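Grab a viewer and work through these exercises at your own pace. Each one sets a task and then walks through a solution.

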Amino acid sequence: MSRQPLQSTSASPGWITPRRAADAPLASPRSNGVLTLADHAARSRQELELTPVLEEVSIQLACRELFKSYRKGNIGIPVLQGISLFVERGEFLAIVGQSGSGKSTLMHLLATLDQPDAGEIRFDHHRIDNIPSAARDMLRNRHFGMVFQFYHLLPEMTALENVLAPAMIAGGVLGYLRNRAAYRRRAYELLEMVGIGHRAKHKPRELSGGEMQRAAVARALMLKPKLLFADEPTGNLDRASGESIMRMLAELNDREKLTIVMVTHDPWIAGQADRTVKLVEGRIAQG
Ligand SMILES: Nc1ncnc2c1ncn2[C@@H]1O[C@H](COP(=O)(O)OP(=O)(O)O)[C@@H](O)[C@H]1O
Ligand SMILES: [Mg+2]
């Protein structure tokens, strides 16, 4: 499978200037904090003028100077030591590095599963590292898909129910029941798409590793995420199953233009991505 790099450069463009329109003051000083029609018109013009620039620099996810340590007793063990990187919309980025280099820690921060000690993370130009935990939960549920090495399927639920879980969380019981037919249709379609439609009613223990990972991918796609995070998605699979999961991810990226951030220690797996960033002892390796 040969894939064209989106960008030949792996150099970071530096920290991303936040979206001007979003940073613009909400109201002009003369309006005493109340937006006037003229303010709205001016702001729309400003947004329109900025649109071409924003499309040119289409950064979807960026982090700057991330630091993270874990504590063991009184000792702080530094894991991430000033990570800055960006991900373009529609890009397939691989984060590589030896075991223990901090890849999973970094992915957990980017996906808001954990918080950095210092630094910042922006998604669609908005800070996401310092928002309340309920907002982070909602962000992950609505906009991020996640795939892990050990699948993290709920063992008591069937493949179909696992795929439906994000919809149940998003809408609550009532919201889910109101749209149940549409959600179930989508879940079945996704299971077909990942090639395990015939396993919809099976529980994880009745599935192979490859099938469980396919169910996990279908679950990650349930609410049409803007960004898919994958941590060693093939790490627990035999070569053939791993390759078919990689083909699926590459196709999702090619056809659906889904942005993917994948962590792996395997150079062949990383080679399927558009661009690779290497972590060495908690820092981005240069060159
Ligand atoms: N929750 C934790 N508590 C303490 N140390 C941790 C924790 N998670 C990871 N570490 C340590 O941080 C380092 C980086 O781990 P990790 O991000 O999982 O690396 P990778 O995914 O690249 O193998 C390792 O030394 C690991 O032992
Ligand atoms: Mg890891």
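**Exercise 1.** Which residue in strand 9 stands opposite isoleucine 95?

*Solution.* A quick word on the ground rules: this is a predicted model, in which local features need pLDDT of at least 70 and side-chain atom pairs count only at pLDDT 80 or more, while totals for chains, interfaces and linings use all residues. Residues are numbered from 1 along each chain as its sequence is written, and chains are lettered from A and ligands numbered from 1 in the order in which they are written.

Step 1: find the two strands. Strand 3 covers residues 92-96 and strand 9 covers residues 275-280. (Strands are DSSP E runs of at least two residues and helices are H or I runs of at least four, numbered from the N terminus.)

Step 2: check the pairing. Strand 3 and strand 9 run parallel, joined by four bridges. (DSSP has to find at least two bridges before two strands pair.)

Step 3: read off the partner. Opposite isoleucine 95 sits valine 277.

**Exercise 2.** Put the open sheet of six strands in order and name its edges.

*Solution.* Step 1: walk across the sheet. The order is 6-7-8-3-9-10, and the pairing is mixed.

Step 2: look for strands that pair on one side only. Those are strand 6 (144-148) and strand 10 (283-284), the edge strands.

Step 3: see what lies across the sheet's strands. Helix 3 lies across strand 3, strand 7 (227-231), strand 8 (259-264) and strand 9, and runs at about 155° to strand 8. (Axes are lines fitted to C-alpha atoms, for helices over the stretch in contact, with angles from 0 to 180 degrees between N-to-C directions.)

**Exercise 3.** Trace the open sheet of four strands and its two hairpins.

*Solution.* Step 1: get the order. Here it's 2-1-4-5, with antiparallel pairing, and the edges are strand 2 and strand 5.

Step 2: take the strands pair by pair. Strand 1 (residues 59-72) shares eleven bridges with strand 2 (residues 75-88), and arginine 71 faces glycine 76 there. Strand 1 also runs antiparallel to strand 4 (residues 118-123), over five bridges, with cysteine 63 partnered by isoleucine 121. Strand 4 then joins strand 5 (residues 126-127) through two bridges, where arginine 122 stands opposite arginine 127.

Step 3: check the turns. Two residues separate strand 1 from strand 2 in their hairpin, and glycine 73 has a positive phi near 60°. The hairpin of strand 4 and strand 5 has two residues between the strands as well, and aspartate 124 takes a positive phi near 45°.

Step 4: add the helix. Helix 3 packs on this sheet too, touching strand 1, strand 2 and strand 4, and its direction makes about 125° with that of strand 1. (Contact puts the C-beta atoms, placed from the backbone, within 7 Å.)

**Exercise 4.** How does helix 5 pack against helix 6, parallel or antiparallel?

*Solution.* Step 1: start with the geometry. The axes of helix 5 (residues 159-178) and helix 6 (residues 180-193) come within 10 Å and cross at roughly 160°.

Step 2: classify. The two are therefore roughly antiparallel. (Under 35 degrees is roughly parallel, over 145 roughly antiparallel, 65 to 115 roughly perpendicular and the rest oblique.)

Step 3: list the contact. Among the residues that meet are Leu160 and Leu164 of helix 5 and Tyr183 and Leu190 of helix 6. The contact's residues divide into eleven nonpolar, no polar and two charged. (Nonpolar means Ala, Val, Leu, Ile, Met, Phe, Trp, Tyr, Cys and Pro; charged means Asp, Glu, Lys and Arg; the others, Gly among them, are polar.)

**Exercise 5.** Describe how helix 7 packs with helix 8.

*Solution.* Step 1: helix 7 (residues 209-221) and helix 8 (residues 239-256) pack at about 15°, their axes 9 Å apart. That angle is why they count as roughly parallel.

Step 2: on helix 7, the contact uses Gly209, Gly210, Gln213 and Val217; helix 8 supplies Ser241, Ser244, Ile245 and Met248. The split is three nonpolar, five polar and no charged.

**Exercise 6.** Which element gives the largest share of the shell around ligand 1?

*Solution.* Step 1: collect the residues around the ligand, including Tyr70, Val79, Gly102, Lys103 and Ser104. (The cut-off is a C-beta atom, placed from the backbone, within 6 Å.)

Step 2: sort by class, which gives two nonpolar, seven polar and one charged.

Step 3: sort by element. Helix 3 (residues 103-110) takes the largest share, with three residues.

Conventions:
Two residues are in contact if their C-beta atoms, placed from the backbone, lie within 7 Å.
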